[in-house]
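Q: I should like a close look at a single part of the structure shown below. Please set out how that part is built and what surrounds it, and then relate it to the remainder of the assembly.

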Amino acid sequence: MKKKDNSYDLEKITAEYRPLVTFKVKKSIGAHTPEWEDIVNEIMLNAIEKIKSGQFKGESSVGTFIYTITRRRIVDYIRRKKKIATKYLPDSDPFPDPHEQIEDKERAELLAKKLEELKPKYKTILYLYYYKDLSRKEVAKRLGISPRNVSERVHYAQKLLKKLMKK
Amino acid sequence: MRKCRYENLIDDYLFGRLSKEKREEFEEHLFNCPRCFEETKERNELILVVKDKADSIFKDIRIEEESKSRVREKIFGFLSPKPLISAVATAALVLIIVFGIIPNVIHKTPEFIVSDDAVRGVSITLISEAIPSEFKWEALGEDIKYKVFIYNDELLWEKSTKNNYISLPEKIKAKMTPGKSYSWQVKAFSSHGTLISASSKVQFTWQNNN
(Lines give C-alpha, C1' and ligand atoms only; values in the text may rest on other atoms or scores of the structure.)
Protein backbone atom coordinates (compact mmCIF):
# COMPACT_ATOMS: atom_id res chain seq x y z
CA MET A 1 0.00 0.00 0.00
CA LYS A 2 2.99 2.28 0.36
CA LYS A 3 5.17 3.86 -2.25
CA LYS A 4 8.96 3.89 -2.19
CA ASP A 5 9.03 7.22 -0.39
CA ASN A 6 6.92 5.66 2.39
CA SER A 7 3.79 7.65 1.51
CA TYR A 8 0.58 5.73 0.88
CA ASP A 9 -0.27 4.85 -2.68
CA LEU A 10 -3.71 6.43 -2.74
CA GLU A 11 -4.60 5.22 -6.21
CA LYS A 12 -3.86 1.67 -5.27
CA ILE A 13 -5.88 2.02 -2.08
CA THR A 14 -8.85 3.40 -4.01
CA ALA A 15 -8.64 0.63 -6.58
CA GLU A 16 -8.45 -2.07 -3.96
CA TYR A 17 -10.99 -0.87 -1.41
CA ARG A 18 -13.68 0.71 -3.52
CA PRO A 19 -15.12 -2.68 -4.52
CA LEU A 20 -15.17 -3.73 -0.85
CA VAL A 21 -16.87 -0.56 0.30
CA THR A 22 -19.37 -0.87 -2.54
CA PHE A 23 -20.13 -4.47 -1.61
CA LYS A 24 -20.70 -3.65 2.05
CA VAL A 25 -22.75 -0.50 1.43
CA LYS A 26 -25.05 -2.24 -1.04
CA LYS A 27 -25.51 -5.23 1.24
CA SER A 28 -26.40 -3.04 4.19
CA ILE A 29 -28.56 -0.30 2.76
CA GLY A 30 -29.82 -2.20 -0.25
CA ALA A 31 -28.69 -2.06 -3.85
CA HIS A 32 -32.06 -0.58 -4.79
CA THR A 33 -31.35 2.50 -2.65
CA PRO A 34 -30.26 5.20 -5.09
CA GLU A 35 -27.96 6.84 -2.53
CA TRP A 36 -25.55 3.94 -2.35
CA GLU A 37 -23.16 5.37 -4.88
CA ASP A 38 -22.94 8.76 -3.16
CA ILE A 39 -22.26 7.04 0.12
CA VAL A 40 -19.49 4.94 -1.38
CA ASN A 41 -17.91 8.07 -2.87
CA GLU A 42 -18.16 9.85 0.42
CA ILE A 43 -16.53 7.01 2.34
CA MET A 44 -13.67 6.71 -0.13
CA LEU A 45 -13.07 10.47 -0.14
CA ASN A 46 -13.17 10.58 3.62
CA ALA A 47 -10.70 7.70 3.93
CA ILE A 48 -8.29 9.13 1.39
CA GLU A 49 -8.51 12.54 3.02
CA LYS A 50 -7.66 11.09 6.42
CA ILE A 51 -4.74 9.14 5.06
CA LYS A 52 -3.45 12.15 3.14
CA SER A 53 -3.66 14.50 6.10
CA GLY A 54 -1.90 12.04 8.35
CA GLN A 55 -4.94 11.41 10.58
CA PHE A 56 -4.53 7.73 9.88
CA LYS A 57 -1.40 6.80 11.72
CA GLY A 58 -1.28 3.14 10.93
CA GLU A 59 -2.66 1.92 14.28
CA SER A 60 -4.56 -0.69 12.33
CA SER A 61 -4.35 -2.05 8.82
CA VAL A 62 -5.65 0.16 6.01
CA GLY A 63 -8.42 -2.40 5.51
CA THR A 64 -9.64 -2.19 9.10
CA PHE A 65 -9.40 1.60 8.98
CA ILE A 66 -11.57 1.82 5.87
CA TYR A 67 -13.98 -0.77 7.21
CA THR A 68 -14.49 1.27 10.38
CA ILE A 69 -15.28 4.40 8.35
CA THR A 70 -17.65 2.40 6.17
CA ARG A 71 -19.52 0.90 9.10
CA ARG A 72 -19.89 4.24 10.86
CA ARG A 73 -21.18 5.91 7.73
CA ILE A 74 -23.77 3.18 7.22
CA VAL A 75 -24.97 3.35 10.82
CA ASP A 76 -25.22 7.11 10.44
CA TYR A 77 -27.22 6.79 7.23
CA ILE A 78 -29.63 4.31 8.77
CA ARG A 79 -30.10 6.41 11.88
CA ARG A 80 -30.89 9.49 9.87
CA LYS A 81 -33.28 7.63 7.64
CA LYS A 82 -34.99 6.14 10.65
CA LYS A 83 -35.79 9.55 12.01
CA ILE A 84 -37.61 10.31 8.80
CA ALA A 85 -39.56 7.10 8.61
CA THR A 86 -39.41 5.26 11.89
CA LYS A 87 -42.29 3.04 10.99
CA TYR A 88 -40.84 1.28 8.04
CA LEU A 89 -37.25 0.68 8.89
CA PRO A 90 -35.94 -2.20 10.96
CA ASP A 91 -33.83 -1.25 13.95
CA SER A 92 -30.57 -2.64 12.72
CA ASP A 93 -29.15 -2.55 9.26
CA PRO A 94 -31.26 -4.71 6.99
CA PHE A 95 -29.20 -7.67 6.05
CA PRO A 96 -28.97 -9.37 3.68
CA ASP A 97 -30.65 -7.24 1.05
CA PRO A 98 -33.55 -9.25 -0.35
CA HIS A 99 -33.78 -7.12 -3.47
CA GLU A 100 -30.20 -7.52 -4.45
CA GLN A 101 -29.67 -8.51 -8.02
CA ILE A 102 -26.66 -9.52 -9.94
CA GLU A 103 -25.39 -6.58 -11.93
CA ASP A 104 -23.67 -8.23 -14.78
CA LYS A 105 -26.67 -9.74 -16.55
CA GLU A 106 -24.62 -11.58 -19.12
CA ARG A 107 -22.49 -13.18 -16.47
CA ALA A 108 -25.62 -14.20 -14.60
CA GLU A 109 -27.05 -15.82 -17.74
CA LEU A 110 -23.82 -17.70 -18.32
CA LEU A 111 -23.65 -18.86 -14.72
CA ALA A 112 -27.26 -20.04 -14.89
CA LYS A 113 -26.48 -22.00 -18.04
CA LYS A 114 -23.47 -23.64 -16.46
CA LEU A 115 -25.54 -24.49 -13.42
CA GLU A 116 -28.08 -26.15 -15.67
CA GLU A 117 -25.36 -28.30 -17.14
CA LEU A 118 -24.25 -29.71 -13.80
CA LYS A 119 -24.96 -33.31 -12.93
CA PRO A 120 -28.22 -33.83 -11.01
CA LYS A 121 -26.18 -34.88 -7.98
CA TYR A 122 -24.65 -31.42 -7.71
CA LYS A 123 -27.74 -29.59 -8.78
CA THR A 124 -29.79 -31.23 -6.08
CA ILE A 125 -27.35 -30.20 -3.43
CA LEU A 126 -27.24 -26.58 -4.61
CA TYR A 127 -31.02 -26.58 -4.84
CA LEU A 128 -31.49 -27.69 -1.26
CA TYR A 129 -28.59 -25.80 0.24
CA TYR A 130 -28.73 -22.49 -1.59
CA TYR A 131 -32.24 -22.27 -2.96
CA LYS A 132 -34.18 -23.91 -0.18
CA ASP A 133 -31.77 -22.48 2.34
CA LEU A 134 -31.65 -25.68 4.37
CA SER A 135 -28.89 -26.30 6.88
CA ARG A 136 -26.13 -28.80 6.17
CA LYS A 137 -27.73 -31.17 8.63
CA GLU A 138 -31.13 -30.95 6.98
CA VAL A 139 -29.69 -31.47 3.52
CA ALA A 140 -27.72 -34.43 4.82
CA LYS A 141 -30.86 -35.97 6.25
CA ARG A 142 -32.82 -35.44 3.05
CA LEU A 143 -30.17 -37.05 0.91
CA GLY A 144 -29.06 -39.72 3.34
CA ILE A 145 -25.45 -38.58 3.39
CA SER A 146 -23.29 -37.10 6.15
CA PRO A 147 -23.16 -33.34 6.79
CA ARG A 148 -19.48 -33.47 5.95
CA ASN A 149 -20.39 -35.01 2.63
CA VAL A 150 -22.80 -32.14 2.01
CA SER A 151 -20.04 -29.59 2.50
CA GLU A 152 -17.74 -31.50 0.23
CA ARG A 153 -20.31 -31.77 -2.51
CA VAL A 154 -21.23 -28.09 -2.31
CA HIS A 155 -17.59 -27.21 -2.40
CA TYR A 156 -16.94 -29.45 -5.35
CA ALA A 157 -19.89 -28.03 -7.27
CA GLN A 158 -18.51 -24.54 -6.70
CA LYS A 159 -15.10 -25.55 -7.92
CA LEU A 160 -16.65 -27.13 -10.98
CA LEU A 161 -18.61 -23.98 -11.73
CA LYS A 162 -15.55 -21.82 -11.38
CA LYS A 163 -13.77 -23.99 -13.90
CA LEU A 164 -16.71 -23.92 -16.31
CA MET A 165 -16.97 -20.15 -16.03
CA LYS A 166 -13.33 -19.70 -16.95
CA LYS A 167 -13.65 -21.72 -20.14
CA MET B 1 -2.80 -23.01 -0.38
CA ARG B 2 -4.15 -23.25 3.12
CA LYS B 3 -7.78 -22.52 3.71
CA CYS B 4 -8.57 -19.39 5.67
CA ARG B 5 -10.60 -20.10 8.80
CA TYR B 6 -13.10 -17.42 7.80
CA GLU B 7 -13.97 -19.26 4.62
CA ASN B 8 -16.34 -21.50 6.52
CA LEU B 9 -18.38 -18.47 7.53
CA ILE B 10 -19.06 -17.17 4.03
CA ASP B 11 -22.42 -18.89 3.55
CA ASP B 12 -23.63 -18.00 7.02
CA TYR B 13 -22.62 -14.42 6.38
CA LEU B 14 -24.44 -14.23 3.08
CA PHE B 15 -27.58 -15.77 4.50
CA GLY B 16 -27.50 -13.35 7.41
CA ARG B 17 -27.04 -16.09 9.97
CA LEU B 18 -24.19 -14.50 11.91
CA SER B 19 -24.66 -12.47 15.07
CA LYS B 20 -23.89 -8.76 14.81
CA GLU B 21 -20.48 -9.22 16.45
CA LYS B 22 -19.50 -12.16 14.29
CA ARG B 23 -20.72 -10.38 11.21
CA GLU B 24 -18.58 -7.35 11.91
CA GLU B 25 -15.59 -9.49 12.65
CA PHE B 26 -16.13 -11.29 9.37
CA GLU B 27 -16.55 -8.06 7.43
CA GLU B 28 -13.41 -6.59 8.93
CA HIS B 29 -11.64 -9.71 7.78
CA LEU B 30 -13.01 -9.25 4.26
CA PHE B 31 -11.44 -5.81 4.18
CA ASN B 32 -8.12 -7.42 5.02
CA CYS B 33 -8.22 -10.64 3.02
CA PRO B 34 -8.58 -10.26 -0.74
CA ARG B 35 -8.99 -13.99 -1.16
CA CYS B 36 -11.97 -14.24 1.16
CA PHE B 37 -13.52 -11.19 -0.46
CA GLU B 38 -13.17 -12.72 -3.91
CA GLU B 39 -14.70 -15.95 -2.66
CA THR B 40 -17.54 -14.12 -0.91
CA LYS B 41 -18.33 -12.13 -4.04
CA GLU B 42 -18.40 -15.26 -6.14
CA ARG B 43 -20.54 -17.11 -3.63
CA ASN B 44 -22.92 -14.16 -3.41
CA GLU B 45 -23.24 -14.18 -7.16
CA LEU B 46 -23.91 -17.90 -7.17
CA ILE B 47 -26.64 -17.58 -4.54
CA LEU B 48 -28.28 -14.69 -6.37
CA VAL B 49 -28.33 -16.60 -9.63
CA VAL B 50 -29.61 -19.73 -7.93
CA LYS B 51 -32.45 -17.77 -6.34
CA ASP B 52 -33.19 -15.70 -9.40
CA LYS B 53 -33.10 -18.35 -12.09
CA ALA B 54 -34.19 -21.38 -10.14
CA ASP B 55 -37.02 -22.11 -12.57
CA SER B 56 -34.73 -22.91 -15.43
CA ILE B 57 -31.75 -24.22 -13.51
CA PHE B 58 -33.65 -26.74 -11.45
CA LYS B 59 -36.33 -27.77 -13.96
CA ASP B 60 -35.50 -31.46 -13.73
CA ILE B 61 -34.97 -31.41 -9.99
CA ARG B 62 -38.29 -29.73 -9.43
CA ILE B 63 -40.00 -32.38 -11.48
CA GLU B 64 -38.54 -34.93 -9.13
CA GLU B 65 -39.78 -32.99 -6.12
CA GLU B 66 -43.19 -32.64 -7.72
CA SER B 67 -43.46 -36.31 -8.44
CA LYS B 68 -42.73 -36.89 -4.78
CA SER B 69 -45.57 -34.61 -3.87
CA ARG B 70 -47.76 -36.43 -6.36
CA VAL B 71 -47.13 -39.58 -4.39
CA ARG B 72 -48.26 -37.63 -1.38
CA GLU B 73 -51.38 -36.59 -3.19
CA LYS B 74 -52.17 -40.18 -3.90
CA ILE B 75 -51.80 -40.98 -0.25
CA PHE B 76 -53.89 -38.10 0.91
CA GLY B 77 -56.13 -38.14 -2.14
CA PHE B 78 -58.88 -40.11 -0.49
CA LEU B 79 -59.39 -37.31 1.97
CA SER B 80 -60.46 -34.85 -0.65
CA PRO B 81 -63.14 -35.02 -3.31
CA LYS B 82 -60.87 -33.38 -5.84
CA PRO B 83 -57.24 -34.19 -6.49
CA LEU B 84 -54.93 -31.82 -4.73
CA ILE B 85 -53.15 -29.88 -7.35
CA SER B 86 -51.55 -26.99 -5.63
CA ALA B 87 -48.96 -26.93 -2.93
CA VAL B 88 -51.22 -24.61 -0.97
CA ALA B 89 -53.91 -27.22 -0.87
CA THR B 90 -51.43 -29.83 0.23
CA ALA B 91 -50.19 -27.53 2.93
CA ALA B 92 -53.69 -26.73 4.10
CA LEU B 93 -54.50 -30.39 4.29
CA VAL B 94 -51.39 -31.16 6.22
CA LEU B 95 -52.18 -28.36 8.62
CA ILE B 96 -55.54 -29.90 9.21
CA ILE B 97 -53.89 -33.22 9.85
CA VAL B 98 -51.23 -31.90 12.14
CA PHE B 99 -53.69 -29.85 14.08
CA GLY B 100 -55.24 -33.10 15.03
CA ILE B 101 -58.59 -33.03 13.26
CA ILE B 102 -57.76 -36.30 11.59
CA PRO B 103 -55.12 -37.58 13.99
CA ASN B 104 -55.48 -41.24 13.09
CA VAL B 105 -54.22 -40.70 9.61
CA ILE B 106 -50.76 -39.94 10.93
CA HIS B 107 -50.19 -43.52 12.00
CA LYS B 108 -51.31 -44.88 8.68
CA THR B 109 -49.22 -42.65 6.50
CA PRO B 110 -45.52 -42.91 6.88
CA GLU B 111 -45.14 -40.62 3.87
CA PHE B 112 -45.70 -37.58 6.03
CA ILE B 113 -43.68 -34.96 4.25
CA VAL B 114 -44.62 -31.43 3.47
CA SER B 115 -43.08 -29.22 0.87
CA ASP B 116 -40.85 -26.80 2.68
CA ASP B 117 -42.16 -23.83 0.75
CA ALA B 118 -45.59 -24.26 2.13
CA VAL B 119 -45.07 -24.81 5.77
CA ARG B 120 -41.67 -23.59 6.85
CA GLY B 121 -41.98 -20.81 9.32
CA VAL B 122 -45.74 -20.65 9.15
CA SER B 123 -47.45 -23.09 11.36
CA ILE B 124 -45.46 -22.83 14.56
CA THR B 125 -46.09 -19.71 16.55
CA LEU B 126 -43.56 -18.97 19.23
CA ILE B 127 -45.42 -17.75 22.28
CA SER B 128 -42.58 -16.79 24.60
CA GLU B 129 -40.89 -13.84 23.04
CA ALA B 130 -38.58 -12.29 25.56
CA ILE B 131 -36.73 -13.30 28.69
CA PRO B 132 -37.98 -16.81 28.76
CA SER B 133 -36.75 -19.34 31.21
CA GLU B 134 -39.41 -21.48 29.67
CA PHE B 135 -39.99 -21.57 25.95
CA LYS B 136 -43.44 -22.29 24.69
CA TRP B 137 -45.02 -22.70 21.27
CA GLU B 138 -48.34 -23.71 19.81
CA ALA B 139 -48.76 -27.45 19.77
CA LEU B 140 -49.33 -28.97 16.35
CA GLY B 141 -51.17 -32.08 17.41
CA GLU B 142 -50.58 -35.35 19.14
CA ASP B 143 -47.67 -37.61 18.49
CA ILE B 144 -45.50 -34.80 17.25
CA LYS B 145 -41.96 -34.54 18.42
CA TYR B 146 -40.40 -31.11 18.70
CA LYS B 147 -36.81 -30.21 18.60
CA VAL B 148 -35.79 -26.94 20.21
CA PHE B 149 -32.64 -25.15 19.19
CA ILE B 150 -30.89 -22.30 20.97
CA TYR B 151 -28.28 -20.39 19.05
CA ASN B 152 -25.78 -17.71 19.86
CA ASP B 153 -23.88 -17.43 16.63
CA GLU B 154 -23.63 -21.15 16.58
CA LEU B 155 -25.89 -23.83 17.87
CA LEU B 156 -25.64 -23.69 21.62
CA TRP B 157 -28.09 -26.38 22.63
CA GLU B 158 -30.72 -28.64 21.17
CA LYS B 159 -33.24 -30.91 22.78
CA SER B 160 -36.18 -33.04 21.72
CA THR B 161 -39.47 -33.05 23.53
CA LYS B 162 -43.06 -34.18 23.11
CA ASN B 163 -44.38 -31.20 25.08
CA ASN B 164 -44.99 -27.79 23.60
CA TYR B 165 -42.72 -26.13 26.13
CA ILE B 166 -39.25 -26.61 27.46
CA SER B 167 -37.04 -25.06 30.07
CA LEU B 168 -33.33 -24.64 29.89
CA PRO B 169 -31.09 -26.75 32.08
CA GLU B 170 -28.97 -24.85 34.59
CA LYS B 171 -25.83 -25.94 32.81
CA ILE B 172 -26.86 -24.08 29.67
CA LYS B 173 -28.16 -21.06 31.56
CA ALA B 174 -24.75 -20.75 33.14
CA LYS B 175 -23.22 -20.58 29.70
CA MET B 176 -25.40 -17.67 28.62
CA THR B 177 -24.37 -14.08 29.12
CA PRO B 178 -27.01 -11.67 30.48
CA GLY B 179 -27.84 -8.87 28.05
CA LYS B 180 -26.57 -10.83 25.08
CA SER B 181 -28.85 -11.77 22.26
CA TYR B 182 -29.67 -15.32 21.39
CA SER B 183 -32.20 -16.91 19.12
CA TRP B 184 -34.37 -19.96 19.34
CA GLN B 185 -36.20 -22.14 16.90
CA VAL B 186 -38.55 -25.09 17.00
CA LYS B 187 -38.85 -27.84 14.47
CA ALA B 188 -41.65 -30.37 14.45
CA PHE B 189 -41.26 -33.97 13.43
CA SER B 190 -43.86 -36.63 12.79
CA SER B 191 -43.75 -39.80 14.82
CA HIS B 192 -41.68 -41.26 12.00
CA GLY B 193 -39.06 -38.62 12.37
CA THR B 194 -39.92 -36.64 9.26
CA LEU B 195 -39.55 -32.90 9.48
CA ILE B 196 -42.98 -31.38 9.05
CA SER B 197 -42.47 -27.83 10.11
CA ALA B 198 -39.86 -25.36 11.24
CA SER B 199 -40.43 -22.02 12.88
CA SER B 200 -38.36 -19.02 12.01
CA LYS B 201 -35.53 -18.13 14.35
CA VAL B 202 -36.65 -15.68 16.99
CA GLN B 203 -34.23 -13.46 18.86
CA PHE B 204 -34.31 -12.96 22.56
CA THR B 205 -32.09 -11.34 25.11
CA TRP B 206 -31.01 -13.34 28.06
CA GLN B 207 -31.76 -11.70 31.38
CA ASN B 208 -30.99 -13.90 34.28
CA ASN B 209 -32.90 -12.60 37.26
CA ASN B 210 -31.47 -15.00 39.76
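A: The account below begins with one strand and its partners, and then turns to a helix pair and to the two chains.

This is a predicted model, in which local features need pLDDT of at least 70 and side-chain atom pairs count only at pLDDT 80 or more, while totals for chains, interfaces and linings use all residues. Residues are numbered from 1 along each chain as its sequence is written, chains are lettered from A and ligands numbered from 1 in the order in which they are written, and side-chain values use heavy atoms, with hydrogens and water left out.

The part chosen is strand 2 of chain B, which spans residues 145-151. Strands here are DSSP runs of E with at least two residues, helices are runs of H or I with at least four residues, and both are numbered from the N terminus. Strand 2 of chain B is mostly covered, as five of its seven residues are buried. Buried means under 20% relative accessible area, exposed means over 50%, and partly exposed lies in between, with a 1.4 Å probe and protein chains only.

Strand 2 of chain B pairs with strand 3 and with strand 5; two strands pair if DSSP finds at least two bridges between them. Strand 3 of chain B (residues 155-161) runs antiparallel to strand 2 and is joined to it by six bridges. In this pairing, Val148(B) has Lys159(B) as its bridge partner. A hairpin of three residues connects strand 2 of chain B to strand 3 of chain B. Strand 5 of chain B (residues 181-189) is also antiparallel to strand 2, with seven bridges between them. Here Lys147(B) is matched with Lys187(B).

Strand 5 of chain B contains Ser181(B). This serine is partly exposed, with a relative accessible area of 33%. Its C-alpha lies 9.4 Å from that of Lys20(B), although Ser181(B) and Lys20(B) are 161 residues apart in sequence.

Elsewhere in chain B, helix 2 (residues 20-30) packs against helix 3 (residues 34-52), their axes coming within 7 Å and crossing at roughly 110°. Axes are lines fitted to C-alpha atoms, for helices over the stretch in contact, and angles run from 0 to 180 degrees between N-to-C directions. Helix 2 of chain B is therefore roughly perpendicular to helix 3 of chain B; angles of 65 to 115 degrees fall in that class, those under 35 count as roughly parallel, those over 145 as roughly antiparallel and the rest as oblique. Phe26(B), His29(B) and Leu30(B) of helix 2 meet Cys36(B), Phe37(B) and Thr40(B) of helix 3, where contact means heavy atoms within 4.5 Å.

Chain B as a whole has nine helices and seven strands, and 43% of its 210 residues are buried. Of its contacts with a separation of 6 or more, 56% involve residues 24 or more positions apart.

Chain A, by comparison, has seven helices and zero strands, and 42% of its 167 residues count as buried. Among its contacts between residues at least 6 apart in sequence, 55% join residues at least 24 apart. In helix 6 of chain A (residues 136-143), the buried residues are Glu138(A), Val139(A) and Ala140(A). Gly144(A) follows helix 6 of chain A and has a positive phi, near 70°.
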